[in-house]
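Trainee: Please pick one part of this model and take me through it slowly. I'd like the close-up before the overview.

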Amino acid sequence: MAEVTPAVEICDLVKDFKTSFRRQMLRAVGGVSIRIEPGEVYGLIGPNGSGKSTTMKALLGLVAPTSGRCAIFGQDSLRVDSRREVGFLPENPYFYKHLSGAETLRFYGKLCGMRGRILEERVSELLVLVDLENARDRRLGGYSKGMLQRIGLAQALVQDPRLLILDEPTAGVDPMGSRQIRDLIFKLRERGITVFLCSHLLEQVQEVCDRVGIIFQGKMVKEGRLEDLIAIEDQTEIVLRDASPELIARITALVAANPETELVRSGKPRTTLERLFLRETQRDAP
Amino acid sequence: MSQTPLSPTRSASGSHAGRISVIASHTFTQLVRMKVFYFLAVFAVITIGSNFFDLPQHAGPEAAGTNILNSIKSWSVGTMTLFSVVFAIVATALLLPKDVEDRTLYTILAKPVPRLDYLAGKLLGVILLVFVSLALMDGLMTAVLQIRSSMILSAQMELAHSRGWSAPEIASMRNDIVSQGPNISLQAAVFVVFLRASIMASLALLISTFSTSTLFTSIISFMIYFIGHFQADARGVFLEAGAGWMTRAIALLVALVLPDFHLFNEFDAVIQGQAFPPMLLGQITGIGLFYAVFYVIASWFIFAEKEF
Ligand SMILES: Nc1ncnc2c1ncn2[C@@H]1O[C@H](COP(=O)(O)OP(=O)(O)O)[C@@H](O)[C@H]1O
Ligand SMILES: [Mg+2]
C-alpha cells in the first residue's frame with residue numbers, strides 16, 4: 001500500500017531575513033524538518049524568537065523559503081491551492097473590529113467559496129462550538145482576548161479544513177480561557193483534524209500534543225512522542241488517598257528492605273496553581 | 001462538523017470574481033462603518049450654501065440666473081473633486097497597512113485567496129465607495145440645480161413678458177438657462193471626477209505596497225496628483241528645447257508612469273455651460289483605464305513577492 005500523504009511536510013527549511021540597511025542576513029530558521037501525519041496533534045515549543053512563527057508562515061506561503069520546501073497534504077505551500085485544507089490562527093490576532101462575530105465568520109467563509117444556507121449553518125455551528133452564540137451579533141471591538149482567540153479559532157475552522165495551524169493559541173489568555181481552548185483542541189483531535197500548534201508555554205502544550213518538537217535558535221533540538229520525552233524511565237509514582245501514617249511507615253520500611261530500590265521522595269503531591277485557580281473559580285460559579 | 005472527506009463546502013473554493021466581490025463589499029462596509037458618509041453633510045451645506053454665494057456680483061437682470069447656476073456647479077464639482085481625491089488616496093493608503101499591522105492580512109491570505117484577488121478587492125471597495133458618494137453628491141447637486149434653474153426660468157419669463165421680448169429672444173434666453181442647468185454634459189464631468197479619483201486610488205494602492213506608512217503613501221500620492229496636472233506643460237517646454245531621443249524616451253516614460261491629467265481639466269468648460277465632446281470623454285476614459293490597470297498590475301508584482 002502506498003504511504004499516506006503527510007498532513008504537513010517541511011524539508012530542510014531555511015529562512016533568512018534581511019536586516020535593515022546592512023546587507024547582513026538574519027537566519028530565523030536554519031534547516032528545520034517536520035513531518036506530521038494526518039490526525040496527529042503536533043506541538044512546536046521553543047522560546048521567543050526561535051523561529052516558530054516563521055516556520056508556520058513558510059508553511060502557509062506567507063514567506064518564501066530561502067531554501068527547502070514545505071507542503072500541506074502534498075501540495076507545495078507556494079501554491080494558493082495548498083491553502084484549501086488549512087485553517088490558521090496567527091499569534092495575537094486582531095480581526096476587523098467593525099464586524100460582529102457572525103459577520104466575521106461569514107466573511108472568511110465566503111472567501112473560501114461558501115455561500116447561502118450551508119454557510120449560515122456552518123456559522124451557527126461554529127459559534128456554538130467555540131461558545132460564542134451569545135456574542136454572535138456583538139462587534140469584535142468589544143471582545144475580550146479569550147473571545148478573540150476563540151473567534152479566531154472558529155474562523156480558522158470555517159471551511160472545515162483537515163489541518164489547523166495555531167500560533168501561540170493560549171498566549172495572553174487567562175487560565176479558564178486557555179482551558180477552553182485546550183478542550184477545543186481535544187474535541188478537534190477526536191474528529192480527526194490534524195493540529196500543528198506552537199507555544200513558548202510548555203505546560204500548556206504538554207496536555208494536548210501527541211508529538212512535540214523543541215526548537216531553539218532556528219534549529220530542531222529534540223523531537224519525539226511526548227510520553228517518551230518526558231517520562232523518567234527509572235522511576236515509578238504511587239499516589240494514595242487517605243493513607244494512614246502507619247501505612248506509609250510500612251511502605252517505607254518495605255522499600256528500605258529492598259536493596260535495588262531507592263525512595264526518591266514522598267510527601268503531598270502539589271496541585272498546579274492553574275488547577276487551583278480553576279477549582280476555586282468553578283466552585284464560585286453558580 | 002461534517003466528517004466526509006469531500007463535503008460540498010470543501011470542493012467549492014469559489015471564483016476570482018466571487019472572492020474579489022467579497023473583499024470589495026467588506027472594504028465598502030468597513031469604510032462606511034468608519035462613518036465616512038458624514039462628509040456628505042458638509043457637501044450638502046456647501047451645495048445649498050453656494051446658492052447664496054456671489055449674489056452681489058450680478059451684472060444685470062439678464063445674467064442673474066446663469067451666474068448663480070455657475071456658482072452652484074463650480075462649488076459642487078470642486079468639492080466633489082476634492083472629496084473624491086482625498087478620499088480615494090487616504091482610504092487606500094490606510095487600509096493596506098492596517099491589515100498588515102493588525103495581522104488580519106495573514107488570516108485572509110491563509111485562506112485560498114490569491115494576492116491579486118486581495119488587492120483588486122480592496123481597490124474595488126474604495127472605488128465603490130467613491131462611486132456611491134459621488135452619485136449621492138451628484139444627485140443632490142442635480143436636484144438643487146433643477147429647482148434653482150426652474151425658479152430662475154420662471155422669474156426670467158416674467159421679466160421677458162413684462163418687457164415684451166420677441167419669441168426668438170425668449171427662446172434664446174431659455175436655451176441659455178437650460179444649458180446651465182443639470183444636463184448630460186454635467187454628468188459626464190462628474191464621471192471624469194470619478195475616473196480621476198479611481199486613478200489616484202490605484203496609484204495609492206501601488207505606493208502602499210512598498211511604503212511603510214499611511215502618511216508617506218498619502219503625501220507621495222498627493223505630490224504625484226499635482227505633478228499630474230502640469231506634467232504635460234512641463235513636457236512641452238522640455239521637449240521644445242531641442243530634444244534627443246533620450247530625453248524623449250524619458251519624457252515618455254514619465255508620462256507612462258505618472259498620471260497625465262491635462263485632458264481632465266477640459267471639463268472646466270463644461271461647468272461654464274459647454275457641451276462635453278464625446279470624443280474627449282472616450283479619450284479620458286481610455287486614459288483612466290490604462291493608468292488604473294497599469295498600477296494594479298504593478299502593485300501585484302510587488303505584492304506577490306512581499307513577505308509579512
Ligand atoms: N519579517 C521579518 N523581518 C526580519 N526579521 C524577522 C521577521 N520575522 C521574524 N524575524 C526574526 O526571526 C526570528 C524568529 O522569529 P519568529 O519566527 O517570530 O520567532 P517565534 O515565533 O519563535 O517567537 C526573530 O529573531 C525575529 O526577529
Ligand atoms: Mg511567534
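**The metal site and its surroundings**

Mentor: Let's begin with A:Glu91, which is partly exposed because its relative accessible area is 25%, above the 20% under which a residue counts as buried. Keep in mind that this is a predicted model. A:Glu91 coordinates the magnesium ion (ligand 2) through OE, and A:Ser53 does so through OG, at 2.0 to 2.6 Å. The two come from distant parts of the chain, 38 residues apart: A:Ser53 sits in helix 1 of chain A, while A:Glu91 sits in the loop between strand 6 (86–89) and helix 2 (101–111) of chain A. Their accessibilities fall in separate classes, too. A:Ser53 has a relative accessible area of 16%, so it counts as buried, whereas A:Glu91, at 25%, is partly exposed.

Now stay with A:Ser53, since it leads straight to the other ligand. A:Ser53 is one of the residues around ligand 1, and its sequence neighbours A:Lys52 and A:Thr54 are listed there as well. Helix 1 of chain A (52–59) is one of the elements supplying at least two residues of that shell, and strand 2 (25–36) is another. Of these, helix 1 gives the most, with three residues. Elsewhere in the shell you'll find A:Phe17, A:Leu26, A:Ala28 and A:Pro47, among others. By class, the shell has four nonpolar, six polar and one charged residues.

Which atoms come up against the oxygens of ligand 1? An oxygen atom of the ligand is 2.5 Å from an N or O atom in the side chain of A:Thr54. On the backbone side, a polar atom of A:Gly49 is 2.6 Å from a ligand oxygen, and one of A:Ser50 is 3.2 Å from a ligand oxygen. Overall, the protein covers 66% of the 560 Å² of accessible area that ligand 1 has on its own.

How far can you trust chain A here? Its mean pLDDT is 86, and 91% of its residues reach 70 or more. Helix 2, at the far end of the A:Glu91 loop, has the highest mean pLDDT of the chain's elements (95), and helix 9 (residues 273–284) has the lowest (66). Where pLDDT is low, the predicted coordinates should not be read in detail.

One backbone detail in chain A deserves a glance: A:Phe73, in the loop between strand 4 (67–72) and strand 5 (75–76), has a phi near 45 degrees, positive although the residue isn't glycine. With 15% relative accessibility, A:Phe73 counts as buried.

Chain B has its own case of positive phi. B:Arg103 has a phi near 65 degrees and lies in the loop between helix 4 (64–101) and helix 5 (104–109) of chain B. With a relative accessible area of 25%, B:Arg103 is partly exposed. Back in helix 4 you'll find B:Ser76, which is buried at 0% relative accessible area. A polar atom of the B:Ser76 side chain lies 2.8 Å from the backbone oxygen of B:Ile72.

Finally, zoom out. Chain B has twelve helices and zero strands. Its C-alpha trace spans about 85 × 65 × 30 Å along the principal axes, and 49% of its 308 residues are buried.

Methods:
Residues numbered from 1 in each chain as written. Chains lettered and ligands numbered in written order. Predicted model: local features only at pLDDT ≥ 70, side-chain atom pairs only at ≥ 80, totals over all residues. Heavy atoms only, no water. Near = heavy atom within 4 Å. Polar contact = N/O pair within 3.5 Å; in protein donor to acceptor, adjacent residues only side chain to side chain. Areas by Shrake-Rupley, 256 points an atom, 1.4 Å probe, with all protein chains shown as cover. Helix = DSSP H or I, 4+ residues; strand = E, 2+ residues; numbered from the N terminus. Nonpolar A, V, L, I, M, F, W, Y, C, P; charged D, E, K, R; others polar. Buried < 20%, exposed > 50% of the residue type's maximum accessible area, 1.4 Å probe, protein only. Donors = N, O, S within 2.8 Å, 3.2 Å for Na, K, Ca; no water. pLDDT = per-residue confidence, 0-100.
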